Structures are given as C-alpha cells and as structure tokens.
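Trainee: Got a minute to go through this one with me?
Mentor: Yes, put it up.

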Amino acid sequence: MKASLINMKSSAPKLWPQAWWMALALCTFATACKESKQPPPPAPPPVTVATPIRKEIVEWDEYTGRTAAVERVEIRPRVSGYIDRISFEEGQLVKPGDVLFVIDPRPYQDVLDQASANLQAADAQQQLQVANLARAEKLFQTNVTAKEQYDTSIAERNKAVAQFAQARASVNSAQLNMDFTQVKSPIQGRISRQLVTRGNLVQADSTVLTTVVSVDPIYAYFNVDERTVQKIFHQIKRGELQDPRAAAIPVYLQLESETGFPHEGVIDFVDNSFSASTGTLQVRGRFRNDEGSLYPDAFVRIRVAGTPKHDAILITDRAVGTDQGQKFVLLVDSNSVVQVRPVELGPVVDGLRVVRNGLGPDDHVIVDGLLNARPGSKVTAQPGNMNQSLAGQSEPVVTVGADSQTQKNGQGDSAANGKAPAGHK
C-alpha cells in the first residue's frame, strides 16, 4: 500500500506540465478562431446630395374659380301664340338679329290691317277738318259767321289731329307685335337646345324658349380670403404690387385637363365688400376665348402673382421631412456627417419648394437615400441634381421678367441646377 502511494507521487509531477501546455494551446486556438470570424466594420451608407437652387422667382397665389359668360340671355317671346317654325340648329353659333322662332303671325297681321284702316280713316277725317277750318276762318274774317262757329271748327280740327295720332300709334303697336312674332337673338353667341317644340303655345314674357351665351371673351370668378387681401393691400402700399383697380393685372387660368396655365387674361373687377357668409372678396378675370375652348360654369384653377420678383432658395419636396409638424431637411457637412436643419417652407414654384428660412445656397441637402441617413452618423455622399430629384413633374415654369411683365402664357424657362459639393464622391 505504501509502495503504490510512493509510485503515484513520483509520477504526478511528470504528467501535470503536459496537461497545462495542452490546455494553453486549446485556449490560444479558440481565441484565434474567434478573432478570425469577426466581420470588418461596414462602410457608411450611400446618399445623394445636391445644393439648393437659387433663382429669381414670383410666388403665385392659386385659387379655385368658375367661368361665366359675359352675356347670357334667356330667350322669351314678347307676344303670345303658337310656335310655327324653329329656325336654328341646337348648339350653333348665332348672330344678333338671327331669327330663332316664329310665332303664328296671322292674328297679329289682322290686327295690323285693322289698325292701318283706322289710320286711313283718321287721316281722311283730319284732312276734312283742316279744310273746314280754312273755310270757317275766311268766313269769320269777313264777318259772315260768328266767332262761336269759328271756335268749333278749330276744336273739330284738333280732335281730328288727335284721332289721327291715336290711329298711328295703334298701327305702330300692331306692327311691333307683328315683328315680335319673329323671335330673334339679341346677342352673338352659342345657342342651347330648344326648350319648346313646334306647335306649342307660349306666353308673352313668361315661357323660356332657349338660352344664348356669349363665347369670346369669357369671365372667371374666384374668391380671395381676408388674410391674402390684407397681404396684397400692404404690398400695394409699399409699391411692390400694382392695384388691380387701377392697372391691368395679369391672371392665368388652367382647365382640369391642362398642364400649366395657358390662358392669359387680366383682372377687370374687384368687389367692394367681403361676403358675410364666406369671409372672401370676389375677384373677376377676363380671358380671351378665340377657340371657344372655355365654357361657362366650368371649375378652373386661377393663378395670380402673390409677390414681386425676388431671389429664393428652392429644393425638391423629396428632401423635406416632418417631425411633429416641424419641417426639416438632412444635410451632409464637410466631415460627411448627417445634420438636421429645421426649415420654413413656402409654396411650390416651377416644381420646387420655396425655402423661406433655414437653408443657404451652399448647403449640401440629401435628396435621395434618406432612409440610410441618421443624424450624427457618417454617410457616403454622391453628387446629384436638384432638378432631377423632383417629387413629381409640375406644370411648366411660370416666371416674371425684369420689366414685371409676365411672359407669354405665363410660362418661361427654369435653368438653375443644384450641384453636389466638391469632395463628396
């Protein structure tokens, strides 16, 4: 027993160093494996940046309007009777004096003939009384007749003259009614459909036969809210805008199916009071309508210059974010670090958003890859173009020239491009 214990003690020091080295080797191997499996750090995410566009613009106020004919007439008969003939094609253009309806003229022709006969009788009676007065005057001057008979002759002559005038007025009235049997267009324009067909009885000044509306020019009415009216008033006082009541202010119109505002007109009326129900002021534009493409009572978009020409910073709406109602953009600084910049925005002009405050022309705005950008993190900036990053194609460019006169059809050129900063590749 003692001998076995002695043998174990003598062999233990020989086995322990070998086990220790084996354990050390396994630990080193495991550490090396862990270090070899760790991936390299990721590269900064790519984003596209562009500088804002700086250019002279006019900020436009847009409104919903409705067209209206300059002249609109409901065609009604001025005499009663039965429709004998209809002399127009529905929807055609008519001129003043064109016969539209004919009412049976025979009853009115009879009345005219009777009045003409009465006029002839009154004329004959007048001639007789004039001759009697001439004879009575000679007899009175020679003292053959008394003054009483002379005065009676004068009265009879005057009575005959009055009867003749009455008969002539009856003829004129009968002739007027006879003329009214032909219902004519009082204006030039486009006629509607016939509301009464041939053979129907129509009542004077009551029955509506059809309508006629003028074509060229045409009006467009729109309403301006009180705040905008006050803004324009102060701009007029400062001399920045012209008074529409004293000068021809350009105004542009767009139909629903059109791009841009191709119809140009002028403001020719501003109401004298606000509407109590809507709190708006009614304004009217007058537009040429040579081709007849504008119809009355159509909903349209109206555009009016809301500011004078001025320098502005423009960016695409794709670069704008919202955080609890606060608008912001993401910038890339010189160290390729993303920064948040709150901005105050204006309207869309030429397809780009006006930035009133918060940006300068040399800031590098992220226009693409916003999901990859985190404030305070680094990114790989790639050069972009602000015009090519439009959120959607807008209407053709509308600008105002240096002489404060708008270009034809309210359209111009947009030639400013945003470029990425040098070194951001």
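Trainee: How many bridges join β5 to β10, and which way do the two run?
Mentor: Two bridges join β5, residues 81–86, to β10, and the strands run antiparallel. One residue of β5, G81, stands opposite V202 in β10. Strands here are DSSP E runs of at least two residues and helices are H or I runs of at least four, numbered from the N terminus; two strands pair if DSSP finds at least two bridges between them.

Trainee: What can we lean on here?
Mentor: This is a predicted model, where local features need pLDDT of at least 70 and side-chain atom pairs pLDDT 80 or more, while totals for chains, interfaces and linings use all residues. Residues are numbered from 1 along each chain as its sequence is written, and side-chain values use heavy atoms, without hydrogens and water.

Trainee: What is the strand order in the open sheet of four strands?
Mentor: The order is β8-β7-β5-β10, with antiparallel pairing. At the edges, β8 (182–184) and β10 (201–202) each pair on one side only.

Trainee: Switching topic: which residues touch the most other members of the largest nonpolar core?
Mentor: I83, L100, F101 and L209, out of 26 residues. Such a core is a set of buried Ala, Val, Leu, Ile, Met, Phe, Trp, Tyr and Cys residues joined through side-chain atoms within 4.5 Å, and buried means under 20% relative accessible area with a 1.4 Å probe, protein chains only.

Trainee: And which helix gives the most to this core?
Mentor: α3, with six residues.

How values were computed: Buried < 20%, exposed > 50% of the residue type's maximum accessible area, 1.4 Å probe, protein only.
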